[in-house]
Amino acid sequence: MATVIVVTSGKGGVGKTTTSASFATGLAQRGFRTAVIDFDVGLRNLDLIMGCERRVVYDFVNVINGEANLNQALIRDKRVENLYILPASQTRDKEALTKEGVEKVLNELKQSFEYVVCDSPAGIERGALMALYFADEALVVTNPEVSSVRDSDRILGILASRSRRAEQGDPPVKEHLVLSRYAPERADRGDMLSVEDVLEILGIPLLGVIPESQTVLQSSNAGVPVIMEDGSEAGAAYGDLVDRFLGKTLPHRFITTQKKGFLKRLFSGS
Amino acid sequence: MLLRSFPLAAEEAPPFELKGSLFTLTVLHLFQLDRAVIERHLVEKIKQAPAFFNNTPVVIDLEGVTGPADGVDFVGLYELLRGHGMVPVGIRNGGPKLQAAARLAGLPMLPESRPVAAARKSEAHEPIARSRTVNHPIRSGQQVYAAEGDLIVLGAVSAGAEIIADGNIHVYGALRGRALAGIKGDVEARIFCHSLEAELISIVGRYRISEQIEPADRGKAMQIYLAEDRLVLEPLIH
Ligand SMILES: Nc1ncnc2c1ncn2[C@@H]1O[C@H](COP(=O)(O)OP(=O)(O)O)[C@@H](O)[C@H]1O
Ligand SMILES: [Mg+2]
């Protein structure tokens, strides 16, 4: 049976879409049939980050409304086998996401995929609620700052009380923490919360720490999920994250300050 | 007039009393009314469990009966069942025609049964002031209220969460949100927490906000109670 994973946070701009793109790509690279859905109706950008924005014909809302079937709307990734993208609609509003409609599409995807990744919009309104409602597991993306952690805490409360699993009394949604845009030197200086601070407040298992990195912006602009960028720290961190999700035990990298030598500073891309 | 023509002998003890009671009865769900077929299956059943068919009272449920409802012989059905160790006491469901036929055979219509759980509950003892235990963290935006008792939280209470109790509040994690104890006026109510980092603490409406909590008291295992109408904060471990 397929697993539905929501990538959520409450706050905007923390790296949900970046994480969804790399996570889905990483799962597919490891051989799992994976679909990633953009739930951000009206502000679609997953397709941009995945580099398939020029191949969008139909979207998620078209499928919900029966204006297109799933096969017509799913975009097959050109670089990675087993990877499909279901883009959001740019022109509809979030009310188009009905519970019945979303369930229908997810059920159909679950027939032919092993993982279905739901990229949630920010906020705690309909779009975000629909993205998390049917989830089996959740990647809660947080930045090391107080407001972001507070919003993630709020989302964890909603996962525990308003997801379908919660409503039906099934085992709870499995929670994973993704601490993104982490800059160890700023945490050391006390400008940012440290990994320990965030873990202490949220109290859920840490799946991965993604360092703050220039490469992320560059690769998003190029339409390449950063996990595909060889040699980038953020990409490597996402690779570890996917492996941990699939059950490997790996130490967390990029969470301590390294004294960079002169040469290293000259040549490091991130 | 009427009273006088049927006088009640006041001195005589009443010969009966009517009281409601609940019984567990076997329900015979009939799907068709052909007596020959019913009898054949009955004989089979009796072979399997002869002890069961010993003047066993049954209710006949007609919900699943298909076929014409005219000219049904309930008297015959009654006798068939009696003859095989069952005592029909009434019927349930079925259309108006079937119900009328049953009534003619002396089988009353039983009212819709209530769920057993509800019946049991009304008979159970009133719970005494109970505590409410929450064994998961209470997250920002959530509110938990323990009415008429204590609130026990086994995890942390996040900033932006609110916990309220008519009685005491115990938090076995960090208390980072708002905690209001004794909100119905119990001046004996107290707040206990593993680590005091609260946004607000209050007992019977007396409160302190985060700013008014001494830095020395923060992050410690503390209890908070009222003494002479003032909040007292005291370390739990000296
Ligand atoms: N690890 C990172 N380092 C640097 N910039 C990042 C990182 N992760 C995300 N960003 C940038 O942050 C912005 C918001 O990211 P995005 O994934 O769209 O967030 P969300 O989907 O949560 O709104 C983008 O400009 C993205 O390039
Ligand atoms: Mg996004």
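This note goes through chain A, two of its helices and the cysteines of a predicted model.

1. Overall make-up of chain A. Chain A contains 13 helices and eight strands. Of its 270 residues, 54% are buried. Taking contacts in chain A between residues at least 6 apart in sequence, 74% join residues at least 24 apart.

2. Surface of chain A. The exposed area of chain A is about 12000 Å². Carbon and sulfur atoms account for 47% of that area.

3. Length of helix α12. This helix of chain A runs over residues 233–245. Its 13 residues should span 18 Å at 1.5 Å a residue, and the C-alpha atoms at its ends are 18 Å apart, so the expected and computed values agree.

4. Burial of helix α12. Because 11 of its 13 residues are buried, α12(A) is largely enclosed by the rest of the structure. The buried set includes the charged-residue positions D240(A), D243(A) and R244(A). Also in the set are A234(A), G235(A), A237(A), Y238(A), G239(A), L241(A), V242(A) and F245(A).

5. Ends of helix α12. At the N-terminal end, S232(A) acts as a cap, with a side-chain oxygen 2.9 Å from the backbone nitrogen of G235(A). G235(A) is itself one of the buried residues of α12(A). Just after the helix, G247(A) has a positive phi of about 115°.

6. Position of S148(A). This serine belongs to helix α7 of chain A, which covers residues 146–162. S148(A) counts as buried because its relative accessibility is 1%, and the cut-off for buried is under 20%.

7. Surroundings of S148(A). Which backbone nitrogen does the side chain of S148(A) reach? That of N143(A), at 2.9 Å. With neighbours within four places in sequence left aside, S148(A) is in contact with K11(A), V14(A), T142(A) and N143(A). N143(A) therefore appears both as a contact of S148(A) and as the residue whose backbone nitrogen the serine side chain reaches.

8. Cysteines. How many disulfides does a search of the whole structure find? Zero, over all chains. C118(A) is buried, with a relative accessible area of 0%. In chain B, C193(B) counts as buried at 2% relative accessibility.

Note on methods
Residues numbered from 1 in each chain as written. Chains lettered and ligands numbered in written order. Predicted model: local features only at pLDDT ≥ 70, side-chain atom pairs only at ≥ 80, totals over all residues. Heavy atoms only, no water. Helix = DSSP H or I, 4+ residues; strand = E, 2+ residues; numbered from the N terminus. Buried < 20%, exposed > 50% of the residue type's maximum accessible area, 1.4 Å probe, protein only. Polar contact = N/O pair within 3.5 Å; in protein donor to acceptor, adjacent residues only side chain to side chain. Contact = heavy atoms within 4.5 Å. Expected span 1.5 Å × (residues − 1). Disulfide = S-S within 2.5 Å. Areas by Shrake-Rupley, 256 points an atom, 1.4 Å probe, with all protein chains shown as cover.
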